[in-house]
Amino acid sequence: MSAQIISGKEVSAQVRERLKKEVEAMKEKDPNFRPGLVVLQVGDREDSNLYISVKLKAAAEIGINATHMRLPQTATEDEILQSIRNVNNNSSVHGLIVQLPLDSVNRINTEKVTNAVAPEKDVDGLTSINAGKLARGDLGDCFIPCTPNGCMELIKQTGMSVAGKRAVVIGRSKIVGAPMYDLLLWNHATVTTCHSKTADLAAEVGKADILVTGIGKPEMVKGEWIKKGAIVIDCGINHIPDSTKANGRRVVGDVHFASAKEQAAFITPVPGGVGPMTVAMLMQNTVLSAQRFLQAHEPGKWNISYTKLNLQRPVPSDIVISRSCVPKPIDCLASDIGLLSDEVELYGKTKAKVQLETIDRLRAQADGKYVVVTGITPTPLGEGKSTTTIGLVQALGAHLNRNVFACVRQPSQGPTFGIKGGAAGGGYSQVIPMEEFNLHLTGDIHAITAANNLVAAAIDARMFHEATQSDKALFNRLVPLSGGQRKFSPVQINRLKKLGIEKTDPSTLTEEEITRFARLDIDPESITWQRVLDTNDRFLRKITVGQSPTEKGHTRTAQFDITVASEIMAVLALTSSMEDMRQRLAKMVVATSRSGVPITTEDLGVCGALTVLMKDAIKPNLMQTLEGNPVFVHAGPFANIAHGNSSILADKIALKLVGPDGFVVTEAGFGADIGMEKFFNIKCRYSGLRPHVVVLVATVRALKMHGGGPTVTAGMPLPKEYTEENLELVEKGCSNLRKQVENAKHFGVPVVVAVNAFKTDSEAELQLICKLAKEAGAFDAVPCTHWADGGAGAVELGKAVQKAAEAPSKFSFLYDTELPVVDKIRIIAQKIYGADDIELLPDAQHKVDLYTKQGFGNLPICMAKTHLSLSHDAEKKGVPTGFVLPIRDIRASVGAGFLYPLVGTMPTIPGLPTRPCFYDIDLDPVTEEVIGLF
């Protein structure tokens, strides 16, 4: 009786159909996901092209995104290796095949090339690591070479158990023979490998219950050699002459098929046997790799370990604590929290930037819980919002086992060398390394400085050139001849469209259109754009520019702001994508023309260049806490003339990474009346995110000051009222706490009060604050000792936040942006500050009329007032009443997307004190450690 034919075509079709369903199942879980395969070919061999086309076709049928990467014959070994490294680092590729042979005119070490493929992407199973795992029997932790794997599938089709059977493998190649031996062995067969030196090959073959051949010798194995009832798997592909064929030859295997099928019970044909299975197993390995990738990178599944703090008493300085903890390598932390290697750009060992594509990859992932930390009205004694933010994150992560991210602002270097110091938190709740955090970080602020000052230079240069040239000369220089033709740049086309001129050929513009296009006609008195510097320098608050003789008398009075006051910083914080940032940068209004038309950076032609300067700054910066929690440090807009919150992008990426059961804790600048109100009405309006909990930070000392405590002088000992128990002062000061709880509840979000405890606070004072906070409507109120104890000191706060996050909330904005500008300002003044009314001074009323006319009246409001009082008078503590809020002027940050009314006067670039911090700062030339920083 003839052997039963094992059809590789039929079995491979079944495998492909199964794989197709598995790919569809993966896509159902994540619609953006597709298994990725790259076939790398060197040269242009005809046979290789044929094999590759078969693989690409099979991949397309299954739903695998397959790419043919073709290198020329002239490719060097280094070029091939670099191509492989690039694919290894591409997280969208799960399988990489190096098509052999390598058809290069240069000498190539094939072994080196195949071993350069990342083992987790080696779907051919040819790397030494995968071969070694197979040899050791680690079948579930490696990729099995495709041909042997296909052979095993065909053997399984016979229904015969492999265990205990005698198997003979003829051939010992790395692709077929050697791995086939290992595979049969670890499936419990007794295996013999035969080769060219084997004595009496026919006798060895005759013992085989299972015979696998892969020697490349046409019809070498005769039927009479084969044991009756054996399984014969023929991997040979050989060509022999055949005059009946059009090409004069036909394909045969290593086994003489006609005679062998009379002996065997099962046999594979050639062609149509092992060949189709090899391709099917390649697809199977690729799908398996994609499944392993998804399992290893399951959103919200973190593999993070935390750093145990070695608490010292008394608590050392911040810098000593920071240096006592060795940070994790930032690439390891990134991997622990589910970031892919190609989503992370390393800036040394302790900081990195994260690619925006992370949001796209995790788009289907549900967001975590969103928590904002704010405070009572600030005092010179400090409330510790940053410290509480970090302490809460350490508690939720290291002590309560939740995925948690901190998102904080990047501090300006100005205060670092001035008087305030850093903003990394403090004590045992801080971001590390604090020197990196408080100094250059990754250069984002420098990028903003460069971009901002490019705009300033463009404004003055444009006014100068318009004042010294005719319309025609100006136009000819703006649209210069190139190759005998004038051509508009894309940004100039946009200006033409804005003017209603639907033309793209410069030669077709009329004289009137040339004038309208070329002349911005900026009113110098209307310029709102200032130069910036990230240094405290009071002598730049008012300057004169253009005094050089080369500027021909075109001088004007101007000023410098500190960099974090730049609108570009606010744009960075509020943008949602690279495209959105480009549009926002283009919409920034820098001045008004003499005819009342707003002049934008796009009119100046500079917006594209700004986007180039900001292309890296838009990526959030990854750092860590003392206990090893991840922290995004990104953007640092002023909290008075801007909205005082870290970036939307950092929050969005973090919310995806933590997963639905995790937490993202961010901080709003100044008190709840300033930073929190802007967080809700501006940041949440643009981000579309909805917060779950407000954490309101208070201290006994600060509340005593709000209760009428004596003035505090920097550098002098605290009056005894602040170091001794005084329940009366605390109770009076809780009026401010009560008002800020009320302010948070205006937005429908649960409030947890965190009482940041100091060693001089009495238990009675702490409990009184908690009692009054709850009576004021707080969901809970908890004393915390995270400054001294790290995350352990904020565990109760963390538990309260978890409970509050599950409580019902009805978030709503304070006002509708479509209301008139004056009404929106009045709502904030009355509901948040407690004012009786507002008063618009003449400049402010003029701006209301102007901005409404220019179409900016529907923007949110960003109040610029003192942070030291709920009113406009910094000296009035507690909860001032009976006041009318004066609005001195109104400015527009159109690109960022808000109007900011000015309440009183405030410097936009700080000055240096008599003894700045820089007196103590130095560098140890031996260790290169920073000395004297905090």
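# Exercises on a predicted model

Strand 5 is joined by 4 bridges to strand 7 (residues 210-213), and these two strands run parallel. The exercises below concern a predicted model.

## Exercise 1. The surroundings of strand 5

Determine which strands pair with strand 5, and establish how far strand 5 (residues 166-170) is covered.

Solution.
- Step 1. On the side of strand 7, Val168 stands opposite Leu211.
- Step 2. Strand 5 is also joined to strand 6 (residues 190-194), by 5 bridges, and the two run parallel. Here Ala167 has Val191 of strand 6 as its bridge partner.
- Step 3. The connection from strand 5 to strand 6 includes helix 7 (residues 177-185), and the three elements form a right-handed β-α-β unit.
- Step 4. Strand 5 is mostly covered, since 4 of its 5 residues are buried.

## Exercise 2. The sheet as a whole

Give the strand order of the open sheet of 6 strands, and identify its edges.

Solution.
- Step 1. Strands of a sheet pair through backbone hydrogen bonds, in either a parallel or an antiparallel manner. In this open sheet the pairing is parallel, and the order is 1-11-8-7-5-6.
- Step 2. Strand 1 (4-5) and strand 6 are the edge strands, each pairing on one side only.
- Step 3. At the edge formed by strand 1, the partner is strand 11 (residues 266-267), with 2 bridges in the parallel sense. Ile5 has Ile267 of strand 11 as its bridge partner.
- Step 4. Helix 6 (residues 146-157) packs on the sheet and touches strand 7 and strand 8 (231-234). The direction of helix 6 makes about 150° with that of strand 8.

## Exercise 3. Classifying a helix pair

Describe the packing of helix 1 (residues 8-29) and helix 2 (residues 46-62).

Solution.
- Step 1. Two packed helices are described by the angle between their axes and the distance between the axes.
- Step 2. For helix 1 and helix 2, the angle is about 50° and the axes are 8 Å apart.
- Step 3. Helix 1 is therefore oblique to helix 2, because an angle that is neither under 35 degrees, nor over 145, nor within 65 to 115 counts as oblique.
- Step 4. Helix 1 contributes Arg16, Leu19, Lys20 and Val23 to the contact, and helix 2 contributes Ala58, Glu61 and Ile62.

## Exercise 4. The buried side of helix 20

Identify the buried residues of helix 20 (residues 511-518), and explain why they lie on the same side.

Solution.
- Step 1. The buried residues are Glu513, Ile514, Phe517 and Ala518.
- Step 2. These residues lie on the same side of helix 20 because they cover an arc of only 120° around the axis.
- Step 3. The buried residues of helix 20 pack against helix 17 (444-468), helix 18 (471-478) and helix 19 (490-498).

## Exercise 5. Backbone exceptions

Locate the cis peptide bonds before Pro271 and Pro314, and compare the settings of Lys552 and Ala635.

Solution.
- Step 1. Most peptide bonds are trans, and most residues other than glycine have a negative phi.
- Step 2. The bond from Val270 to Pro271 is cis, with omega near 0°; Pro271 is in the loop between strand 11 and helix 10 (274-296).
- Step 3. The bond from Arg313 to Pro314 is cis, with omega near -5°; Pro314 lies in the loop between helix 10 and helix 11 (318-324).
- Step 4. Lys552 has a positive phi of about 55° and is located in the loop between strand 21 (543-545) and strand 22 (556-558). Its relative accessible area is 58%, so Lys552 is exposed.
- Step 5. Ala635 has a positive phi of about 70° and is located in the loop between strand 27 (630-633) and helix 25 (648-658). Its relative accessibility is 1%, so Ala635 counts as buried.

Notes: Residues are numbered from 1 along each chain as its sequence is written. This is a predicted model: local features need pLDDT of at least 70, side-chain atom pairs count only at pLDDT 80 or more; totals for chains, interfaces and linings use all residues. Side-chain values use heavy atoms; hydrogens and water are left out. Buried means under 20% relative accessible area, exposed over 50%, partly exposed in between (1.4 Å probe, protein chains only). The arc is that of the directions from the helix axis to the C-beta atoms. Contact means heavy atoms within 4.5 Å. Two strands pair if DSSP finds at least two bridges between them. A crossover is right-handed if, with the strands pointing away from the viewer, the path from the first strand over the helix to the second runs clockwise. Axes are lines fitted to C-alpha atoms, for helices over the stretch in contact, and angles run from 0 to 180 degrees between N-to-C directions.
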